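Me: I am new to this structure and would like a close look at one part of it, namely a single strand and whatever surrounds it. Please take me through that part slowly, and then show me how it fits with the rest.

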Amino acid sequence: MILLKTYVIDNLEINCVQMEPDDLYQIIICKNEITKETPLKLFIPPSDAYISKILNGYGRTLGLLHSNKLIAVASVVFPKTGKHNLGNYLAFDDLLLNQVAQFEHGFVLSNYRGHGLLKILLAEQLKYIETKYSFFLSTVSPYNIPSLKSGFGIGQVIKSHIYYHGFERYVLYKKISNKCSFINAIKCNTIDKLDFYLSKGYVAVYSFQDACYLMILEEESYETI
Ligand SMILES: CC(C)(COP(=O)(O)OP(=O)(O)OC[C@H]1O[C@@H](n2cnc3c(N)ncnc32)[C@H](O)[C@@H]1OP(=O)(O)O)[C@@H](O)C(=O)NCCC(=O)NCCS
C-alpha cells in the first residue's frame, strides 16, 4: 500500500492509503466482517475475485488505517463501454461511457462509523477522478441513509431509480465539469462559430447538452481525459 495522507478525525489518527494487489487479504477480512452484519438489501458484497481485479488495474481502491488496522475501504472503477457501466442506465453514448468513474463498494467497520469516513474516502477518490473523468456515478440503496448522505456530501445527486441485480437502487451522479475533454479542443457555443472552424479544417467531436461543441483539427490525434 502507498501512504497518501494522514488525518486526525475526532482524535483518531488515520492514514489514507492506496491499496495494492498484496493487500487483497486484508480487504477480504474487512469485507467479510461487514457482510456478516449487513443485509443484501443495503449492500451487495463484492466477490474476492472482483476485489482482486480492481487492485490489479481495473480500478482504484483506497483504504483507511487506524493503528495499522484496515478500518474502511472504497473502490472506484473505470468501466469504459462495458455493460456494467452505470451510464447505460442514463442513456450515455460511448463517448460519455468512456468518461465515467464509478463507485463500486465502500464499507467502514462498525466500531469506526459515525465519523464520516466513507465521505472522506469518496472525496479523496474524487480528487483523482476530477483530473481524468467527467462523471462520477454510484448506485445506492434508497434505504442506506449513511451511504446516500456520503454521496450527497461530495456533490452527487440522484439521477435515476432502478432495479439493479434485483435490488432497488438509486443511480447517483456527479457531473464533474463541462470542461474540454479533448486535448487542444476549441469550445464553440454557436453554429456560426462552428461553421467558422469547420471552414478551417476542424471537426466537431462532441456536443454538450447546452449545445456547446468541441472542435479539433481532423488530422490531430486526441484522447479523452
Ligand atoms: C455506508 C457506511 C460505509 C457509512 O459509514 P460512515 O462513513 O461511518 O457513515 P456515518 O455513520 O458517518 O454516516 C454518514 C452520514 O449519515 C448519517 N446517518 C448515519 N446513519 C443514519 C440514519 N440511520 N439515519 C439518518 N442519518 C444517518 C450520519 O449522521 C452522517 O450524516 P452527516 O454527513 O450529516 O454527518 C457504513 O454504514 C457501512 O459500512 N455500511 C455497510 C456497507 C455499506 O452499506 N456500504 C455502502 C454501499 S457500497
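Reply: Helices and strands are here DSSP runs, a helix being H or I over at least four residues and a strand being E over at least two, and they are numbered from the N terminus. Counted in that way, the protein, which is a predicted model, has six helices and 11 strands. Of its 225 residues, 32% are buried, and among contacts between residues at least 6 apart in sequence, 61% join residues at least 24 apart.

The strand to look at closely is β6, which spans residues 135–140 and is mostly covered, with six of its six residues buried. In a regular strand the side chains alternate between the two faces of the sheet. In β6, Phe135, Leu137 and Thr139 point one way, while Phe136, Ser138 and Val140 point the other way, and all of these residues are buried.

Two partner strands can then be added to the picture. With β5, β6 runs parallel, and three bridges join the two; Leu137 of β6 is the bridge partner of Gln102. Between these strands the chain passes from β5 through α4 to β6, making a β-α-β crossover that is right-handed. With β8, by contrast, the pairing of β6 is antiparallel and extends over six bridges, and there Phe135 stands opposite Lys175 of β8.

Leu137 also leads into the largest nonpolar core, which holds 37 residues and in which Leu64, Ala72, Leu117, Leu118, Leu121 and Leu137 touch the most other members. At least two residues of this core come from each of several elements, including β5, α4, β6 and β8. Ala72 shows how such a residue is surrounded: leaving aside neighbours within four places in sequence, Ala72 is in contact with Gly63, Leu64, Phe107, Val108, Leu109, Tyr112, Leu117, Leu118 and Leu121. Another core, of six residues, lies apart from the largest one, and among its members are Ala185, Cys188, Tyr202 and Met215.

Finally, there is the ligand, which is surrounded by 22 residues, the closest being Phe43, Phe107, Arg113, Leu118 and Pro146. Two or more residues of this shell come from each of β5, α4 and α5, and α5 gives the most, with six residues. By class, the shell has nine nonpolar, 10 polar and three charged residues. Leu118 thus appears twice in this account, as one of the residues closest to the ligand and as one of the core residues that touch the most other members.

Conventions. Residues numbered from 1 in each chain as written. Predicted model: local features only at pLDDT ≥ 70, side-chain atom pairs only at ≥ 80, totals over all residues. Near = placed C-beta within 6 Å. Nonpolar A, V, L, I, M, F, W, Y, C, P; charged D, E, K, R; others polar. Core = buried A, V, L, I, M, F, W, Y, C linked by C-beta atoms within 7 Å. Buried ≥ 20, exposed ≤ 12 C-beta atoms within 10 Å, placed from the backbone. Contact = placed C-beta atoms within 7 Å. Pairing = 2+ DSSP bridges. Right-handed = clockwise from strand over helix to strand, strands pointing away.
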